[in-house]
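Hello,

I am passing on the structure below, together with some notes on its aromatic rings and their surroundings. Please keep it open beside you while you read.

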Amino acid sequence: MSGAAVWRFGRCSLIAVAFLTAQPSNRLAAQQVAPNRANDYLFPTTVQDARAIWVNPARLGVLREASIYAELAVEDPGSKGRLRQINGGFNSRGLSFGYQRDILDNGVRGSTYRLGLAGGSGGLAAGFDIARYEGGGTHATGWDLGTSYVALPSLTLAFVATNLGQPIVRGLRQRLTVVPGFTWQPPPVPALGLSADARITPDSVASYAFGASWRAASTSRWPIEIIARLDTDRGLRRGAFAFGLSIGGQDRGGLVASTPGAVSRISALSLYGLPAPRR
């Protein structure tokens, strides 16, 4: 891709960030309500299967093939562990559907349905999804937009705008948030990926995330991928860690553990599977 194209992409991203941060702040409580588990360990530049509908809908159009997935997430695994989230979905050449079931406190149950569409060509992909929130007296709708751009063979950029429409879910307004990010694969070690992103609300930078991944050569019978991610607040103070291991190629399964910033305990554990549809 030409340097001029990279400049145009970056300039458009900066203009969008400036516009969004110029909007008036909202005094209602601003936080995610049961975010999808995939957002704890994936980046908007790394996901390329059906889970992309929760992270960056543009990435649904990166691989022109079908994928399905299912995931279970447990809070405080062990004798006091509690199942908190069940989710799954499929992607078929950019057309995707996702479902998330949350087991919340005080007997509240929540459901989120997402329908996404994406396409891409020449290293550039774009997509959107519409989210419908139900349960706990909630009936709300929001939507997301995403882009992904391969600026260099070793560098992928992404820009996502989430919670457009700022739906109110169980009494909490979901803040309009933009997420610029990148993944760099050092040419000497293409199996290694270094990623970062930022979450920016209309009045401030909410958080940063930094990650690394390593995947064995795809020619291996059982390729292994290892991921690590650090989330911080806007002052770069540690907030949470995530560590994951997956095994397999087209048919793949993985386990992801999350800890607080002090790494004092495992706060969440999830198990997911990505079976490849047979033709």
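Tyr-99 has a relative accessibility of 28%, and because the partly exposed class lies between under 20% for buried and over 50% for exposed, this residue counts as partly exposed. Please bear in mind that the model is a predicted one. Tyr-113 falls into the partly exposed class as well, with a relative accessibility of 34%.

These two residues also belong together in another way, since a search of the whole structure finds 4 aromatic pairs, and in one of them the rings of Tyr-99 and Tyr-113 have their centres 5.2 Å apart. Their planes stand at 45°, which is neither under 30 degrees, as stacking would need, nor over 60, as edge-to-face would need, and the pair is therefore tilted. The pair links distant parts of the chain, 14 residues apart, with Tyr-99 in strand β3 (residues 95-103) and Tyr-113 in strand β4 (residues 109-121).

Tyr-208 and Phe-210 form another aromatic pair, and here the centres are 6.4 Å apart with 25° between the planes, so that this pair counts as stacked, the limit being under 30 degrees. Both partners are partly exposed, Tyr-208 with a relative accessible area of 25% and Phe-210 with a relative accessibility of 38%.

Finally, there are rings that have a charge over them. The charged end of Arg-51 sits over the ring of Tyr-272, at 4.5 Å from the ring centre, while the charged end of Arg-229 sits over the ring of Phe-43, at 4.7 Å from the centre of that ring.

Best wishes

Conventions:
Residues numbered from 1 in each chain as written. Predicted model: local features only at pLDDT ≥ 70, side-chain atom pairs only at ≥ 80, totals over all residues. Heavy atoms only, no water. Phe/Tyr/Trp six-rings, centres within 6.5 Å; stacked < 30°, edge-to-face > 60°. Helix = DSSP H or I, 4+ residues; strand = E, 2+ residues; numbered from the N terminus. Buried < 20%, exposed > 50% of the residue type's maximum accessible area, 1.4 Å probe, protein only. Lys NZ or Arg CZ within 6 Å of the ring centre and 35° of its normal.
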